[in-house]
Structures are given as structure tokens and as C-alpha cells.
Amino acid sequence: MYFKLYRDKENQWRWTLHAVNHKKIADSGEGYNNKADCEAGIDLVKSANGSTPVKE
């Protein structure tokens with residue numbers, strides 16, 4: 001699994017969690033103005049499922 005960190009069309013930060021087969025299995029559900037806030041959201045999910053890498 002891996003996280004995809006990106007900016008949306010409104011220039012806000014979002015993340016998507018992808019399975020090994022590259023299918024989307026979760027997303028941030030909201031945009032973040034600050035990249036650090038988005039990364040904190042990823043950290044919350046990571047703490048529940050281990051050490052999934054982040055790809056930007």
C-alpha cells in the first residue's frame with residue numbers, strides 16, 4: 001500500500017491511499033490548506049495500519 005499526496009484543482013492538499021494493485025481504497029475526504037496538516041492526516045491513518053509509504 002502507499003499514500004498519494006497531491007494538490008487538487010482548488011490548490012488544496014489531499015491524500016489517497018492505494019492498495020498494492022493500485023486501486024484507491026481511502027482518501028482524505030477534504031482538502032487542506034497546509035501540506036503539514038494533510039501529512040498529519042496521513043499520520044493518523046498510518047498509526048492505525050503500520051508504515052505505509054507516502055508518494056508525492
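Which residue in the turn of the β1 and β2 hairpin has a positive phi? Good morning, everyone, and let's start right there. The residue is N11, with a phi of about 65 degrees, and the hairpin has five residues between β1 and β2. Before I go on, please keep in mind that this is a predicted model.

Let me stay with the strands for a moment. β1 and β2 run antiparallel to each other and are joined over six bridges. Two of the facing positions will come back later: F3 stands opposite L17 in β2, and Y6 stands opposite R14 in β2. On to the next hairpin. β2 and strand β3, residues 24-27, are also antiparallel, with three bridges between them. Five residues lie between the strands of this hairpin too, and H22 takes a positive phi near 70 degrees. So for anyone checking backbone torsions, the residues to look up are N11 and H22.

Now zoom out to the sheet. It is open, it has four strands, and the order is β3-β2-β1-β4, with mixed pairing. The edges are taken by β3 and β4, the latter being residues 54-55; each has a single partner strand, so one side of each has no neighbour in the sheet.

What about β2? Five of its six residues are buried, so β2 is largely enclosed by the rest of the structure. A good example is T16, which lies in β2, residues 13-18. Its relative accessibility is 5%, which counts as buried. If we ignore neighbours within four places in sequence, T16 is in contact with Y2, F3, K4, Y6, K24, A26 and D27. One of these, D27, is also the bridge partner of T16 in β3.

Next, the aromatics. How many aromatic pairs does the structure hold? There is one. The partners are F3 and W15, and the geometry is edge-to-face, with 5.5 Å centre to centre and 75 degrees between the planes. F3 belongs to strand β1 and W15 to strand β2, so the pair ties together parts that are 12 residues apart in sequence. Are these two buried or exposed? F3 is buried, at a relative accessible area of 0%, and W15 is buried as well, at 6% relative accessibility.

Let's move to charges. Side chains of opposite charge can pair when their charged atoms come close. The model has three salt bridges, and I'll take them in turn.

The first one I'd like to show is D8 with R14, at 2.8 Å from N to O. D8 is buried, with a relative accessible area of 16%, whereas R14 is partly exposed at 23%. You may remember R14 as the residue in β2 that stands opposite Y6.

Then we have K24 and D27, whose closest N and O atoms are 3.3 Å apart. K24 is exposed, with 54% relative accessibility, and D27 is partly exposed, with a relative accessible area of 36%. Both K24 and D27 are among the contacts of T16 that I listed a minute ago.

That leaves K35 and E56, whose side chains meet at 3.0 Å, N to O. K35 lies in helix α1 and E56 in the segment after β4, so this pair ties together parts that are 21 residues apart in sequence. K35 is partly exposed at 27%, and E56 is exposed at 62%.

While we are on the helix, α1 covers residues 35-49, and E39 sits in it. E39 counts as partly exposed, at 35% relative accessibility. How far apart are E39 and V54 in space, C-alpha to C-alpha? The distance is 9.2 Å, for a separation of 15 residues in sequence.

One last stop, on the surface. M1, V20 and I25 form a nonpolar patch there, with about 300 Å² of accessible area together. M1 is found in the segment before β1, which spans 2-7. At a relative accessible area of 39%, M1 is partly exposed.

To pull this together, keep three pictures in mind. There is the open sheet in the order β3-β2-β1-β4, there is the edge-to-face pair of F3 and W15, and there is the salt bridge between K35 and E56. Thanks for listening, and I'm happy to go back to any of these residues.

Key
Residues are numbered from 1 along each chain as its sequence is written. This is a predicted model: local features need pLDDT of at least 70, side-chain atom pairs count only at pLDDT 80 or more; totals for chains, interfaces and linings use all residues. Side-chain values use heavy atoms; hydrogens and water are left out. Patches are made of residues with over 30% relative accessible area and no salt bridge: like charges are joined within 9 Å, nonpolar side chains (Val, Leu, Ile, Met, Phe, Trp, Tyr) within 5 Å. Accessible areas come from the Shrake-Rupley method with a 1.4 Å probe; for residues, only the protein chains shown count as cover. A salt bridge is a side-chain nitrogen of Lys or Arg within 4 Å of a carboxyl oxygen of Asp or Glu. Buried means under 20% relative accessible area, exposed over 50%, partly exposed in between (1.4 Å probe, protein chains only). Contact means heavy atoms within 4.5 Å. Rings of Phe, Tyr and Trp (its six-membered ring) pair if their centres lie within 6.5 Å; planes under 30 degrees apart count as stacked, over 60 as edge-to-face and the rest as tilted. Two strands pair if DSSP finds at least two bridges between them.
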